[in-house]
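I opened the notebook to record what I looked up in this structure, working from individual contacts outward to the fold as a whole.

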Amino acid sequence: MFKRDHTKLICDVGEITDLFHDAVSMEEFLQKITAMVTRHMDCEVCSIYLYDANHRELVLKATTGLNPGSVNKVRMKIGEGLTGLALKERRPICEGQAKNNPNFRFFSGIGEEKFESFLAVPILRGNVEVGVMVIQSEKKDYFASEDIQVFRAITAQLATTIETARVLIMLNDKKEKAPAVLPKDLKFIRGRCGAEGVALATTAVIGESATDLLHYGTGDKRYSEADLHRAITATERQLEKLQIKLEETLPDMTGLIFNAQVLMLKDKGFMDSIFHLVKAGINPPSAVAEVVNDYVSKFSRIEDSYLREKIYDVKDVGRRLLENLTGREQKHGDYQDKIVIASELFPSDALKLFSQRTKGIILLSGGAASHVAILARSLNIPLVVVHEGALLSLAPSVEVLLDASMGYVYIDPDPLIKAKVLQREELDLNIDSLKKMIRERPQTRDGVVVKLMANINLLGDLKAANEFKADGVGLYRSEFPFMIRNNFPSEQEQYLIYRRLVEGMPGKEITLRTLDIGGDKVLSYTQHSREGNPFLGMRSIRLSLKHPDVFIAQLRAMLLAGAGRRVRILFPMISSLDEFLQAKAMVQECVQQLETEGKEFAVNPPLGVMVELPSTVEIINDMAQEADFLSIGTNDLVQYMLAVDRTNDQVAALYLPHHPAVLRALKKVVEAGLKYGREVSICGDMANDPKYLGLLLGLGLRCFSMDARYLPRMHEQLRQLSVKECEKLTQKILAQSQISRIAQLLESGGGV
Ligand code: PEP
Ligand code: MG
């Protein structure tokens, strides 16, 4: 029965502020709230459960009236028990005799037995689930409807404050190791393929172990200062050797991966700190571990997530030093031979992981078309994007099978599944059978010759491109070498990379795309990474035009590397004719400079426009008159036409290259190319996807550029298609205005 004066029941702001001031921790603050609420609501129990999004659980964080020992121990899923139900259904749950409700869940040891009346109200801040606040009373049928109103009002009033407390508590909790709470029966997760392949290994979570400290067991053996000097020299040699070894696979990046570590060894502050401790009598291995740990914790305190890389470097160098000092083997990197699980990764992280010989990646955010995925493909690291946040708490000893080609993750897989997946992968990777699919000239069943080119992200991709007889490079993503450096690479550095690329495919046409930085490709050394909406910000050609010095250095390097070769220059993310003309004028300026300097360079390279924005599609005829060729970047075109972030897996279902708007745009571009005699190629991931090949041929596309690994499959598929039939299918598809109808036609093959 309602018997309280509810005008006084809503807590006043001063009262809450006092609680904040007095509390020495967030937990104590929540505890004080529960005491205050029991007083206001005139009941015996008030408990606060906070929602832990990582584990998707409610956790009891404070209580007045129940057993205080249950705090942090009582955990429930959304929907579990009356408390979980309140959050699931986002409504108050009020019971006069809670135990009679079939949803009631008894937790032993919590001390709930004697309480009859129960009222739970979800704590929400907008759409954010913060937790649940519960009050209980020994009396039956104690809470009346007015009580529900008042309790809701109090909860709403406290939501923002409790949310702040929750964030702070979770931050602190992260420092302790989260218990493994992945549901025991969770054996299989379906995600999306980011980079094909298969991996079988135990896992390591990025972010957690990155801040773990370096350990050196207190061995009895004493080492001298001379031992330390020897270890430093040995480490330097080792790093040099590693650089040379990796050079073969990552000629455009390798040096830089280890440069940071070599620099650590040269860093006076770092080395002096170690020697200072040694001189003070500390055994050198302990001195190394102590200084490394000090640096790791300094770096971990820095907000900027790009600086995370520094933690890897410091730890890596520390491990090597310890190994060379003590002769005891250290594991090189936390991620060696592991399947890495990460909430977020940057493309440069993928390179680091490659250098640590990581076997696979499970990414909890980011789309399959993100650049981390694109790079992972070049590095041959299987990658799957999934949504199971609880994976972050997977025990490190559990074996995981990543069937990335299918987008599947098997936890502690059954031996039969393991054998089957591994066997299939072996077949898929059989290079000889792949080579057999390649023909001298890729053509359709009815004899239409098609140009199949390769996208090159890293110079290492050239091997497969040559092996599978690519007709040239349709897209070289020049930004990747920029991403791992600490500053823009010089003209000479770029020249060396581009020259290797051009020489890597003698006689073939090489399309060099200028910098496409921004969006999900961030440089740690520019400010634009802090943009609120980077895909709509200072990205790509905008950045190049804003920094003429950087642009000119790149264009000069491209022109010089193209001397005597067939190079084309392609500008990304062009949104207007003006932009293209400005870029063209910059090329002219470089040409004049090089002429004056008497250098040899590519005299008249064709200049192309990447068609990636709806605005460019609208003015495609004007563009086609000015540009020498057009290259359709469907990854971005789909993103910008449909307003669907290509890196956001939450909206991946809306990322549909076969949306009628996209298809009509493609048609328009192909027609403009035909009208003005310009080659139109397609270089986005749509070109990789066998599902779209018939449609694209039917639209009139005859030039495709894709990751080299897909070339054999494309040769094979082309051979089965007839352009005439494809055109019929495309006609039918273009006549549709609904995505679902188009999907059906594609699914059925439309008779092709
Ligand atoms: C595209 O947008 O389709 C493209 C090829 O460029 P990138 O994926 O590098 O943005
Ligand atoms: Mg693009």
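**Salt bridges and their network**

I began with Arg513, which forms a salt bridge with Glu479, the closest N and O atoms being 2.6 Å apart. I then placed the two partners along the chain and found Arg513 in strand β17 (residues 509-513) and Glu479 in the loop between β16 (472-477) and α15 (480-483), so that this pair links distant parts of the chain, 34 residues apart. I noted that both Arg513 and Glu479 are buried. I keep in mind throughout that this is a predicted model.

Next I looked up Asp636, which forms a salt bridge with Arg539, with 2.9 Å between the closest N and O atoms. The two residues are 97 residues apart, Asp636 being in helix α22 and Arg539 in the loop between β17 and α17 (541-546), and the pair thus links distant parts of the chain. Arg539 has a relative accessibility of 0% and counts as buried, and Asp636 is buried too, with a relative accessible area of 1%. I then asked which residues are joined into one network by salt bridges that share partners. They are Glu479, Arg513, Asp516, Arg539, Asp636 and Arg646.

**The magnesium ion**

I turned to the magnesium ion (ligand 2) and found that it is coordinated by Glu612 (OE) and Asp636 (OD), at 2.0 Å. Glu612 lies in the loop between β19 (607-611) and α20 (614-618), while Asp636 lies in helix α22 (residues 634-642), so the pair ties together parts that are 24 residues apart in sequence. I checked whether these ligating residues are buried or exposed. Glu612 is buried at a relative accessible area of 2%, and Asp636 counts as buried at 1% relative accessibility. I also wrote down that Asp636 takes part in the coordination of the magnesium ion and in the salt bridge with Arg539.

**A further salt bridge**

A search of the whole structure finds 36 salt bridges, and I picked out one of them, in which Arg75 pairs with Glu57, the closest N and O atoms being 2.9 Å apart. Arg75 lies in strand β3 (residues 75-77) and Glu57 in strand β2 (residues 57-64), so this contact ties together parts that are 18 residues apart in sequence. Here I recorded Arg75 as partly exposed, at 26% relative accessibility, whereas Glu57 counts as buried, at 8%.

**The barrel**

I followed the strands next and found a closed barrel of eight strands with parallel pairing, running β15-β16-β17-β18-β19-β20-β21-β22. From one strand to the next the twist averages 25 degrees. To see how β15 and β22 meet, I looked up their pairing, and strand β15 (residues 451-456) runs parallel to strand β22 (residues 703-707) over five bridges. Within this pairing I located Met453, which stands opposite Ser705 in β22.

**The chain as a whole**

Finally I took the totals, and counted 27 helices and 22 strands in the protein chain. Buried residues make up 55% of the 752 residues in the chain. Among contacts between residues at least 6 apart in sequence, 68% join residues at least 24 apart. The accessible surface of the protein chain comes to about 31,900 Å², and 51% of this belongs to carbon and sulfur atoms.

Definitions and conventions. Residues are numbered from 1 along each chain as its sequence is written. Chains are lettered from A and ligands numbered from 1 in the order in which they are written. This is a predicted model: local features need pLDDT of at least 70, side-chain atom pairs count only at pLDDT 80 or more; totals for chains, interfaces and linings use all residues. Side-chain values use heavy atoms; hydrogens and water are left out. Donors are N, O and S atoms within 2.8 Å of the metal (3.2 Å for Na, K and Ca); water is not among the atoms, so sites may look incomplete. Helices (H or I, at least four residues) and strands (E, at least two) are DSSP runs, numbered from the N terminus. Buried means under 20% relative accessible area, exposed over 50%, partly exposed in between (1.4 Å probe, protein chains only). Two strands pair if DSSP finds at least two bridges between them. Axes are lines fitted to C-alpha atoms, for helices over the stretch in contact, and angles run from 0 to 180 degrees between N-to-C directions. A salt bridge is a side-chain nitrogen of Lys or Arg within 4 Å of a carboxyl oxygen of Asp or Glu. Contact means heavy atoms within 4.5 Å. Accessible areas come from the Shrake-Rupley method with a 1.4 Å probe; for residues, only the protein chains shown count as cover.
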